[in-house]
Amino acid sequence: MPDLGSDDIAAICADLRRAQPEWEALGPRGRSAHLLRWLDWLLDNERRLLTLVQQETGKSWADASLEMSVAVDVINYFTANAERFLADRKVKPAGVANAVRKLRVQVRPHQLVGLITPWNGPLGGPMMDVVGALVAGAAVVSKPSEVTPLTWSEVVRGWRDEIGAPPVLAVATGGREAGAAVVDEVDMVMFTGSVRTGRSIAVRCAERLIPCSLELGGKDALIVLADADIERAAKAAVWGGMTNSGQACVGVERVYVEAPVYDEFVARVTEKVKALRQGMDAPGSFASDIGVMVTPSQVDIVAEHVADAVAKGARVLTGGERIPGNGFAPTVLVDVDHSMRCMREETFGPTLAIMRVADGDEAVRLANDSEYGLSSSLWTRDRRKADRISRRIEAGSVSINNALVATFQLPIPMGGWKNSGLGTRFGGPQGVLKYCRQQSVVEERLSLKSEPLWYPVVPARSRLIARAVRLLGAHDWRRRLGRRGR
Ligand code: NAD
């Protein structure tokens, strides 16, 4: 794939800007029709596209398939709701003097949105954002990761060449420089990736005075209280920690278990992790539970975190080693603490580090002892306790008695706290409105010859207005009548 320079990217962006007004003029229904034809094409080419996902990531077929389900859900949700989300909003005026006015808020898209994505979900990742932007009426230049540019380039080719949709979506391949060039050209940036890159993009957006939305890294905690359904919690921890070979921003990385159920939980998790079938299986076979990893450098990070933990006293109950073909065996670590990298830095690999805690308070304190705050998971049968504890967890979402699911609920916000992000993805209307600018329109109901505040200032009239402000605005008679407060 070409490594595009800033001139190439500027040319792509100029073409997109030329095509955007016609796209916006189609309205949400017209735009949705193209998106739905794109969905048909994606489904018709599912096997070929997911094979490409597998080839550039080393995922299991099951993990690759999840990417298609994300695409289907996102396209269906936003096309079904776009018209409602983008409708003008009539608003009641505030204050007596404004009673004669009609207020409305209408939205217009940012003309050109830049979408920059990482390598862990070559299809599902960009899909999570591109649909909201397109349905809003924006044009989109998307920069996939240089590690996994194939699937997304093919999907964008499908948009342009196969379904013949308007040329308002383009792909800009290349590495860091290409990403930076995109940030320099667009009117709004939607970025998913590491904290380090996100921060540098936010700085550049501040210089250009354009908005950005950032979905960054995580170190998600799963808390198991003693009254939880331990079998279900263990299954969820394994799924949440190992899915996509642990290369999920919202993957479970740390587990805190109340002492009375700790041994049982650890035993069940270890047994399930040992049973996982790993490897890149044949397309369509669903023969593997998890795949291998996307980049050799990510395998190195996982190996370093495990070695650091072991050097500081942790025990490996299963896994703990590289496997041929760029993989890392699914790993359970115990006797861990917060001095270890595996409890503080994003591992982004198939590891679960499990720690014994005295009670829920200690679990919450440790879960919050992190620079990250993306998502979390909480296990208890006591609904009140779940409600109380969920309000104390410093993370953008909490899945109660499940793991990961909060991320894929399109009607509610998905976004990170602390270093895990800025702004949100999704969240019902917000998933589309974030790509728009609001325009407030105030219309006069009556057409008077003049207004009380217009020139010339007439002392008697101005005094009357000042008195009326007091009379209507004060909350006690002394002030209404113009007496001084004590
Ligand atoms: P990364 O930050 O290295 O790269 C992400 C993208 O940014 C790539 O396309 C890259 O080419 C581009 N880029 C790099 N430098 C740039 C710059 N200066 N200006 C503009 N673009 C630039 O991340 P990665 O290693 O590809 O992905 C892994 C990270 O992504 C992890 O931290 C993971 O947690 C995070 N992630 C977060 C979410 C989420 O929704 N919160 C989802 C998936 C992945």
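Lys-59, at 4% relative accessibility, counts as buried, because buried means a relative accessible area under 20%. Good morning. I begin with that residue since its partner shares the setting: Glu-67 is also buried, with a relative accessible area of 4%. Lys-59 and Glu-67 form a salt bridge, and their closest N and O atoms stand 2.5 Å apart. Please keep in mind throughout that this is a predicted model.

Let me stay with the salt bridges. How many salt bridges does the count come to? The count comes to 32 salt bridges. Some of these involve helix H11, and I will take two examples.

The first example is Asp-300 with Arg-322, a salt bridge whose closest N and O atoms are 2.8 Å apart. Asp-300 lies in helix H11, whereas Arg-322 lies in strand S11, which covers residues 322–323, so the pair ties together parts that are 22 residues apart in sequence. As for exposure, Asp-300 counts as partly exposed at 32% relative accessibility. Arg-322 is partly exposed as well, with a relative accessible area of 46%.

The second example is Arg-341 with Glu-304, where the closest N and O atoms of the salt bridge are 3.5 Å apart. This pair links distant parts of the chain, with Arg-341 in helix H12, residues 341–344, and Glu-304 in helix H11, 37 residues apart. Arg-341 is partly exposed, its relative accessible area being 27%. Glu-304, at 39% relative accessibility, also counts as partly exposed.

Salt bridges can also join into a network. Arg-48, Glu-154, Arg-157 and Glu-162 are linked in this way.

I turn now to the ligand. Which residues come nearest to the ligand? Of the 29 residues around the ligand, the nearest are Lys-143, Glu-146, Ser-194, Leu-216 and Glu-346. By class, the shell around the ligand comprises 12 nonpolar, 11 polar and six charged residues. Several elements contribute to this shell: helix H7, residues 176–185, strand S6, residues 188–192, and helix H8, residues 195–208, each supply at least two residues.

Three contacts deserve individual mention. A polar side-chain atom of Glu-146 lies 2.7 Å from an oxygen atom of the ligand. In the side chain of Trp-119, an N or O atom is 3.1 Å from an oxygen atom of the ligand. Leu-216 makes its approach through the backbone, with an N or O atom 2.6 Å from a nitrogen atom of the ligand. Taken alone, the ligand exposes 850 Å², and the protein buries 88% of that.

From Glu-146 we can look back towards helix H11. Ser-297 is found in that helix, which runs over residues 296–311. Between Ser-297 and Glu-146 there are 14 Å in space, C-alpha to C-alpha, and the two are 151 residues apart in sequence. Is Ser-297 buried or partly exposed? Ser-297 is partly exposed, with a relative accessible area of 46%.

Finally, I come to the surface. Val-96, Leu-471, Leu-472, Trp-477 and Leu-481 form a nonpolar patch there, and together they have about 590 Å² of accessible area. One member, Leu-481, is found in the segment after helix H17, residues 477–480. Leu-481 counts as exposed because its relative accessible area is 54%, and exposed means over 50%.

That concludes the presentation. Thank you for your attention.

How values were computed. Residues numbered from 1 in each chain as written. Predicted model: local features only at pLDDT ≥ 70, side-chain atom pairs only at ≥ 80, totals over all residues. Heavy atoms only, no water. Patch = residues over 30% accessible without salt bridge, like charges linked within 9 Å, V, L, I, M, F, W, Y side chains within 5 Å. Areas by Shrake-Rupley, 256 points an atom, 1.4 Å probe, with all protein chains shown as cover. Salt bridge = Lys/Arg side-chain N within 4 Å of Asp/Glu carboxyl O. Helix = DSSP H or I, 4+ residues; strand = E, 2+ residues; numbered from the N terminus. Buried < 20%, exposed > 50% of the residue type's maximum accessible area, 1.4 Å probe, protein only. Near = heavy atom within 4 Å. Polar contact = N/O pair within 3.5 Å; in protein donor to acceptor, adjacent residues only side chain to side chain. Nonpolar A, V, L, I, M, F, W, Y, C, P; charged D, E, K, R; others polar.
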